[in-house]
Amino acid sequence: MNMPLYLILIPFLPLASFIFTLLFGKNLGQKAHWPPIIAVLTSFVCALIALNDVLHGTHINLDLYTWFESENFRASVGFLLDELTAVMLIVVTSVSSLVHIYSVGYMHDDPGYYRFFSYLSLFTFSMLMLVLGNNFLQLYFGWEAVGLSSYLLIGFWYHKKSAADAGKKAFIVNRFGDFGFGLGIIIVYLIFGSIHYETVFAQVGDVVGQNFNFLGFNVDLITLIAILLFCGAVGKSAQIPLHVWLPDAMEGPTPVSALIHAATMVTAGVFLVARCNPIFSLSETALNLVTIIGALTCFFAATIALVQVDIKRVIAYSTVSQLAYMFIACGVGAYGAGIFHLYTHAYFKALLFLGAGSVIHAMSDEQDIRKMGGLKKYLPITYITFLLASLSISGVPGFSGFFSKDEILAMAFASPVGAGKFAWFIGTVVAGMTAFYSFRLFFLTFHGEFRGTEEQKKHLHESPPTMTIPLILLAIGAVAAGWVGIPEILGGSNHWAHFLAGVVGHPHFHLDHSTEWALMFTSVAVGLFGIFLAYVFYLKKPEIPVRLGQAFPTLYQILFNKYYVDEFYSAAIVQPTIRCARNVLTAITDGKIIEGIVNGIPRLIGNFSTILAKLQNGRVQHYAAIMAVGAFILLWIFM
Amino acid sequence: MVQLLFFYFAIAVIGLGIAIVNSKNPVHSVLMMLVLFFHMAGFYLLLNAEFLAAVQVIVYAGAILVLYLFVLFLVTLKEEVKISPFIQKGYWLGFIIAIGMFVTFIKGIQNFTLGPHGEYTIETIQHLTHTKAMGKAIYTTYILPFEIAGLILLIAVIGGIALAKREREGA
Amino acid sequence: MVHLSWYLTVSAILFCIGVFGFLTRRNIIMMLLSIELMLNSVNLNLAAISHYMEDLRGQVLVFFIVAVAAAEAAIGLGIVVTLFRHRKSIHTDQIVSLKG
């Protein structure tokens, strides 16, 4: 079967729009958004066609173009269309389209208008290439390209130093993860002789139990590969210890945060683990590692989110925490549940961010929630959509977040993987915390009295339709997207799990119904308790959190300062590197050695030529003497 | 008898040569050169080459040395005879090079073998007279070098005039 | 009986004297005179070999060398005259403007 046209259009229309907008966008002025919007909407329609095809059983795995082939290494651009890809395509294109439309309103007067849209197109292209790839090299290409787009978009307002720094931080921290990821791909090629998924996954069963000699230690091969690949996921999806870039990435414009740092790029790590599930499933150690890191990050990020005061930071830490849920799911073997949460999370998290953007826009670029309050009457649409998103993330029954989070917790509890029950416990506690901080944010922003300045109060207005319509559409997704995965015990037939089973397998563990009910009840109760606590703390008795803060000042400081991780990294890694660069590399290697050679060789030549120049002293007899010596030597040679 | 003459000529030539090179007064050197040329002519006579001897005396002694004398009188200053005739810096280098070359030549002479004999034996030359023999050789086999030598002399004449004439004022 | 090698030795000595004179004399005209000495030694060499080889080639060459030496002496002295006119000196250690 050959490559259908819609599949080719999906990534390459945004690429064309990127190039076009970058080159000609300046001339289009305020109309520069049309090419990208048309491109991404067309991609969305094509993604729908792809989904339809996949529902009817089509699977495509073709190389579009082979860049080069050397022995058995084939570097090619290829597309793999299966259920997992179809889901990702829908998520990426739909959220991207809505963010494009939202940006028309949000970035309205920005001087870099066309640049923004061209970068958005670049990002969409990169993410689609990542998702559609049928080999590791294309995955890596998409990986790096989304990293690049992220850097460009985070540092979009490059005149601001904090934004430029944040962009650099994102890229550099990601490099740490990508180093392991690259090594993993190299080992995959060395062992399996190919980097195409089909070949690798077919052979992965043959190398179970083989050991790899790494610096003298014998490591299980599958575990090594899985852990290295996971390194990349840790970097890209902001898990511990490489989570530090995501909160700083909030320096970028809010639509960027919604698209990249909530719905799509950061989920690439989860996608990676789900796509490579044949490898991960064969290594108990790797799965445990994924689960534990997921659980720890989940807890860690949620505790920080409890006390943050910047509206976008709270949502950013919430993203880290929710991504951790997805990793917990993948770690315990329930990849389908992880992708399910990825899908629902994309909608409600993007909605939260875009709603926050609407609030920021109304508040004349104020982001501190201590200065907000009572915005309910000024921003009605934002208020309602934000409420729906918060309900969804808190796991209130009926909303999509409930179904996906519940699935994960149930699978974690039932899983035979060792860390499963630990992860379930953490996950449930964090569910409560999630509800708490989400509603803390909600109440502080929209309820109560307005705490801002008079100047800001005068400008409060609901956002234009280009911004509110995407909010409404996303709200529909936040509520209803999960309805395709309603579990059996509630009457649904869990279409989702069956749909993805072909790619990610079906978890082999089941719970009996009473346990499942009990778990569901626990998580709902915890969530509702969190909401209730937030209500009490921030609406009824606002002096309680203040007194708590004063009673535990150290704890509060630690949480407010994000556990001082950034400071630790700065002291342990950044400062020594800068010192080494300045004192060793610049001063000695560059200054003395290389400059010495570069300046020294001409100096040497100069000195040598000065010596030689003495030979030409203008005396004819001197020259004659030299000629005589030469003739004399020649005579001796020929004699 | 021939050997005696040879030794006389040889010692005279070498002695005169050393004297020429070491002399302070250049005019003395030129006059000693004149005597040296006569002894060279003597050598040629020993070698049965009377034409060459004649040419030597006429051209070298008669023309070239006169030319040298004229130019010497034109350019030599009175103070010349008071200072050392040798350059300060290169004296010993020159000496060593000369000695080295001499040693090399001696080595060469020791390994020297003569080529095949030609047709102009001594009896033939004596019979023809050397001049006629030379004429036979030059005007038949070596006519081209002869013409070129004429051309070279022409160039020398023209060059000499061009180099030595004075610039006319206002020409 | 005079051996050829004696002639060649005399010629060699004369040549070396000429080289020495050329390399060490201060007066340019003496340098040119040393060249004449060297040429004469070569002439002797050629004439002697030609005599012992019973061929006239060497002596013909001597004839031409004499002609060329005359031409060269004329030109050389013409240059010396010009040099004297410009520099007012004919000492080689004072004419070093081609230095460097």
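Biologist: How much area is buried between chain B and chain A, and what share comes from carbon and sulfur atoms?

Modeller: The size of an interface is often given as the accessible area lost when the parts come together. In this predicted model, chain B and chain A bury about 870 Å² between them, and carbon and sulfur atoms give 86% of that. The contact takes 10 residues from chain B and nine residues from chain A.

Biologist: Which three residues of chain B supply more of the area buried against chain A than any other three?

Modeller: They are B:Ile97, B:Met101 and B:Thr104, with 49% of the area that chain B buries against chain A. By class, the side of chain B that touches chain A has five nonpolar, three polar and two charged residues.

Biologist: How many salt bridges does the rule find across the interface of chain B and chain A?

Modeller: Zero salt bridges are found there. The search for residue pairs in polar contact, with both residues at pLDDT 80 or more, also gives zero across the interface of chain B and chain A.

Biologist: Now the other interface. What is the area buried between chain C and chain B?

Modeller: The area is about 7000 Å², of which carbon and sulfur atoms give 78%. Chain C brings 68 residues to the contact and chain B brings 89 residues. Across the interface of chain C and chain B the rule finds eight residue pairs in polar contact, both at pLDDT 80 or more, but zero salt bridges.

Biologist: Which elements give two or more residues to the side of chain C that touches chain B?

Modeller: They are helix 1 (4-24), helix 2 (28-52) and helix 3 (57-87) of chain C. Helix 3 of chain C gives the most, with 23 residues. By class, this side of chain C has 48 nonpolar, 13 polar and seven charged residues.

Biologist: Let us turn to the strands of chain A. How do strand 1 and strand 2 of chain A run, and how many bridges join them?

Modeller: In a regular strand the side chains alternate between the two faces of the sheet. Here strand 1 (residues 60-70) and strand 2 of chain A run antiparallel, joined by nine bridges. A:Leu62 stands opposite A:Phe79 in strand 2 of chain A. The two strands form a hairpin with two residues between them. In the turn, A:Glu71 has a positive phi of about 50°.

Biologist: How many residues of strand 2 of chain A are buried?

Modeller: Strand 2 (residues 73-81) of chain A is mostly covered, with seven of its nine residues buried.

Conventions. Residues numbered from 1 in each chain as written. Chains lettered and ligands numbered in written order. Predicted model: local features only at pLDDT ≥ 70, side-chain atom pairs only at ≥ 80, totals over all residues. Heavy atoms only, no water. Contact = heavy atoms within 4.5 Å. Buried area = accessible area lost by both parts, 1.4 Å probe. Salt bridge = Lys/Arg side-chain N within 4 Å of Asp/Glu carboxyl O. Polar contact = N/O pair within 3.5 Å; in protein donor to acceptor, adjacent residues only side chain to side chain. Helix = DSSP H or I, 4+ residues; strand = E, 2+ residues; numbered from the N terminus. Nonpolar A, V, L, I, M, F, W, Y, C, P; charged D, E, K, R; others polar. Buried < 20%, exposed > 50% of the residue type's maximum accessible area, 1.4 Å probe, protein only. Pairing = 2+ DSSP bridges.
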